[in-house]
Amino acid sequence: MQGVAPGGIDCDLHPALPGTAALMPYLDPYWREQITVRGIDGLDLASFPPKIPANGRADWRPQHGKPGADFERLRHDALDGFGLRAAICNPLYGVQAVYNRHFATALATAMNDWMVAEWLDRDPRLRASVVIAPQDPAAAAAEIERRAADPRFVQVLLLAMGEAPLGRQEYWPIYAAATRHRMPIGVHAGSTARHATTGNGWPSYYLEDYVAHAQAFQAQLLNLIHEGVFAKFPDLRVVLIESGFTWVPNFMWRANKTWRGVRAEVPWVDRPPADLIREHVRFTLQPADAPPDPADLARAIDQIGSDDVLLFSTDYPHWQFDGTDAYPAGFPAALRQRVAVDNPLATYPRLRETLA
Amino acid sequence: MTPDDGPAQPHDREARDRAAATKLKVIDCDVHHALASPRALYPYLAQRWRDHLDRYGHRKPTPFVSSSPYPKTAPALSRTDSWPPNGGPPGSDLAFLQEQLLDRYNIEYGLLHLLAPSGMDERNQELGAALCRAINIWQHEHWTQKDQRLKAAIVVPGEDAAAAVAEIEHWAGNSDFAQISMITHTIEPLGRRRYWPIYEAAVRHGLPVGLHTSGFNGHAPAASGWPSYYVEEQHIVALSQQALAVSMVCEGVFARLPDLKVVMVESGFAWVPSLAWRLDAHWKRMRDEVPHLAEPPSHYLRRNMWYTSQPADEPENPEDLRQIIDWLGWDRVLFATDYPHWDMDNPDFAFRCRMSEAERRMIYAGNARAVYGFA
Amino acid sequence: MSRHIVAAVGEIPPGGRKLVTLNGRDIGVFNLGGEFFALLNRCPHQGGALCRGSLTGLVTSTTPGEFTWSRAGEMLKCPWHGWEYDVRTGQSWCDPEDTKVRLYPVTIEPGERLAKGPYVAETFTVSVEQAYIVVEV
Ligand code: FES
């Protein structure tokens with residue numbers, strides 16, 4: 001296919017859960033009854049309302065139902081459409097935002113069972129991230145353990161805007177389980193509305209909320225670094241998914257500068273933050289947030305200072321680009337093989353092993 | 001230029017003096033004066049507020065009586081060599097500020113930003129308005145009238161737009177005041193309608209609005225929640241300036257008021273291009289949500305906003321900074337020291353990339369002269 | 001190269017410092033537990049008066065939450081942006097290879113020997129009974 005290196009690996013696509021009812025077969029009787037008696041439904045994240053054009057590309061949008069909910073369409077549009085060798089599913093449903101931690105944990109387990117039965121078992125190219133409820137870190141770690149036996153689960157999924165910053169120690173059991181099973185932590189765009197989407201309060205527009213994710217991701221990186229997550233878990237990889245990446249250079253410059261003056265506060269950070277990012281952090285391709293001048297994009301990629309950090313993604317069925325070339329204008333041709341194949345294989349050991 | 005011990009560097013006093021004599025004039029767009037004591041504003045406050053401050057103090061949506069929520073890396077947030085020999089906190093002694101900043105670096109104008117108190121983030125907004133008036137009188141009497149190089153900002157209680165406009169009307173036309181200032185961590189993002197009367201007044205009086213990262217609104221500083229460390233918070237406040245820029249643009253403030261000038265203070269500028277690219281990319285997908293934007297968001301970021309340089313971005317490859325300014329426009333960057341704060345920039349060494357004399361003159365003075373209308 | 005007598009040994013107590021100007025250069029002379037070090041009083045970052053900075057310990061860590069604090073008073077923290085320099089080597093902690101402050105050789109000489117010269121001692125008379133700190137610039 002044009003644009004994708006042969007055998008490309010899509011590191012972010014979104015099968016959609018049609019609704020809470022679709023999880024019924026995977027929930028125990030108590031939760032089935034709760035859902036029925038209380039009429040619980042509609043937990044799609046407000047960060048991704050399915051009807052917004054950006055959340056379903058016109059030619060990928062089905063006549064009925066949510067974009068991404070139909071398996072055949074996903075197979076046709078994405079797997080075949082981009083000639084993919086493998087693709088990692090990141091289902092976005094409001095599990096991480098539910099206030100009742102027990103319900104959230106039950107939903108996470110059900111989501112993963114649903115993923116196995118209705119997606120992974122239907123196409124050998126599909127892989128998935130483990131959905132967990134970080135509201136209960138111990139239960140989340142147990143869910144990772146449970147899924148570890150299935151090699152098709154290759155990463156753990158979290159959201160960019162949660163309750164506490166992701167570096168905090170209460171989340172470390174999750175990182176311990178993930179590294180034990182060689183799963184990266186995938187942090188995807190999305191808000192649980194625990195905090196305003198900006199430090200300046202709640203903006204008016206969806207456009208602002210979407211753009212604000214870049215700042216939330218940056219704050220998460222600062223926290224992951226300065227809480228010492230990479231010092232504690234030297235093998236951990238974190239993949240920022242749907243974060244954009246053109247901000248990475250200027251973020252690194254500022255983070256390095258601040259660290260030099262203030263590092264005594266966090267002595268376990270014993271090297272410049274930019275070095276930790278290059279070693280531990282990966283970014284998916286879409287949205288590329290590309291500048292109008294292709295030369296500016298090439299320069300930004302060069303300034304990141306590593307060819308290892310970008311991972312190919314289409315963000316299917318979200319509308320980030322038109323046509324079949326997922327690479328923005330100016331994306332260096334020489335990097336395509338790295339981004340589409342080598343970097344995903346290096347980032348996801350469980351994927352590498354099952355493709356061998 | 002680096003301050004290394006090489007032959008071309010001003011490594012001894014004589015060479016330094018020679019350099020100073022031939023040096024460019026500098027307009028410093030971020031200078032922090034300070035109250036010599038918490039009672040310095042009392043002469044300008046009614047008895048009721050003096051009593052109130054004595055008993056209740058300043059009440060903001062923050063946890064501590066007098067510490068900032070994230071204790072800073074240095075006392076009073078300041079260079080440790082900036083405490084005036086005659087006492088008082090850094091920035092509180094005019095003579096010492098003249099010696100350490102204005103005279104030393106050939107500063108033609110210094111734009112004052114008082115950080116504390118701000119008035120605007122008092123939970124008691126009536127007190128906030130009284131404080132703003134007191135601050136402005138104090139700035140006028142003790143600073144701008146005593147050294148004409150210093151230009152104050154009209155400090156306003158922006159959460160109460162009517163009171164803010166009244167404060168602007170009171171001082172507008174007084175050339176000691178070069179701009180209007182507000183805190184940036186506001187109850188709502190600053191692009192929202194409740195603040196529009198302030199921008200209308202700014203345009204009416206031809207005053208730029210200087211937005212220095214500051215203030216408290218009770219929100220977590222980032223959407224990811226409350227960070228643990230100052231090393232995070234110090235960087236996050238600059239991230240929040242990005243959200244502020246997005247708000248001003250997306251709400252249509254500049255589309256509605258094309259002559260409004262906003263100066264973003266103390267957040268650097270290397271982030272502007274990547275933010276603009278991101279905004280434009282997603283605006284293309286969601287134009288229908290913001291039909292009031294006639295132009296792509298990046299247009300407003302480069303037409304209505306200016307950015308002070310400090311803290312100087314220090315790319316791993318120093319020349320990368322040129323690309324950033326090329327994209328932004330050489331007329332957009334305004335030099336600032338942030339004296340006396342710990343992360344201040346020395347005009348002699350702030351930029352490590354090459355610059356032509358003409359570019360240097362724009363950034364160090366020419367751009368600010370144009371924005372603020374200095375002769 | 002010239003050698004300058006900057007102080008009598010007893011004049012700078014342990015943990016103390018003296019700022020001097022030698023051949024037009026501002027230099028700080030530090031006493032770390034009886035050993036003397038002379039550093040250029042200009043931070044290689046943006047030219048802050050480094051030798052006016054605080055002397056602190058060195059904090060390192062082997063794991064998050066653990067603080068290993070040692071070498072009390074041997075790190076010089078720039079009064080501006082707070083970069084830490086090792087007084088013994090002049091190296092910055094964050095970038096020891098590329099960011100360092102110039103260090104000048106210091107010797108302790110008996111007054112007896114100094115009286116013979118050739119030394120620069122602008123500000124005080126040398127007594128043969130005392131020892132002196134000599135900086136080579
Ligand atoms: S001038 Fe010393 S740390 Fe910047």
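Which residue stands opposite B:Val209 in E6(B)? In this predicted model, the partner is B:Val262. The pairing belongs to a run of parallel strands in chain B, and it makes a convenient place to start. Strand E5 (residues 209–212) of chain B pairs with strand E6 (residues 262–265) of chain B in the parallel sense, over four bridges. E5(B) is also joined to strand E4 (residues 177–182) of chain B, here by three bridges and again in a parallel arrangement. On that side B:Ile180 is the residue that stands opposite B:Val209. B:Val209 thus faces B:Ile180 in one pairing and B:Val262 in the other.

The path from E4(B) to E5(B) takes in a helix. Together with helix H6 (residues 196–204) of chain B, the two strands make a right-handed β-α-β unit. E5(B) is covered on both faces. B:Val209 and B:Leu211 are buried on one side, and B:Gly210 and B:His212 are buried on the other.

Chain C offers a sheet with antiparallel pairing. Four strands form an open sheet in the order E2-E3-E4-E8. Strand E2 (17–22) and strand E8 (103–104) of chain C stand at the edges; each has a single partner strand, so one side of each is left without a neighbour in the sheet. For E8(C), a pairing with strand E4 (residues 35–40) of chain C is made through two bridges, and these strands run antiparallel. Within this pairing, C:Ala38 stands opposite C:Tyr104 of E8(C).

In chain A, helix H11 (residues 336–347) has twelve residues. From its first C-alpha to its last it reaches 16 Å, close to the 16 Å expected at 1.5 Å a residue. The buried residues of H11(A) are A:Val339, A:Ala340, A:Val341, A:Asn343, A:Pro344, A:Leu345 and A:Thr347. They pack against several elements of chain A, including strand E1 (8–13), strand E2 (84–89), strand E6 (238–241) and helix H12 (349–355). Strand E7 (281–284) and strand E8 (310–311) of chain A are also among the packing partners.

Next come the contacts between chains. Between chain A and chain B, 66 residues of chain A are in contact with 63 residues of chain B. The area buried between these two chains is about 5600 Å², and carbon and sulfur atoms give 58% of it. On the chain A side, A:Asn200, A:Trp253 and A:Arg254 lose the most area to chain B, together 16% of what that side buries. Between chain A and chain C, 14 residues of chain A are in contact with 18 residues of chain C. Here the buried area is about 1300 Å², of which carbon and sulfur atoms give 60%. A:Arg260, A:Arg263 and A:Trp268 lose the most area to chain C, together 49% of what the chain A side buries.

Finally, the cysteines deserve a look. Over all chains, the structure holds zero disulfides. B:Cys29 is in no disulfide, and the nearest cysteine sulfur, that of B:Cys353, is 18 Å away. B:Cys29 counts as buried because its relative accessibility is 0%. In chain C, the closest cysteine sulfur to that of C:Cys51 lies in C:Cys78, at 9.6 Å, which is too far for a bond. C:Cys51 likewise has 0% relative accessibility and therefore counts as buried.

Conventions. Residues numbered from 1 in each chain as written. Chains lettered and ligands numbered in written order. Predicted model: local features only at pLDDT ≥ 70, side-chain atom pairs only at ≥ 80, totals over all residues. Heavy atoms only, no water. Expected span 1.5 Å × (residues − 1). Buried < 20%, exposed > 50% of the residue type's maximum accessible area, 1.4 Å probe, protein only. Contact = heavy atoms within 4.5 Å. Disulfide = S-S within 2.5 Å. Pairing = 2+ DSSP bridges. Right-handed = clockwise from strand over helix to strand, strands pointing away. Buried area = accessible area lost by both parts, 1.4 Å probe.
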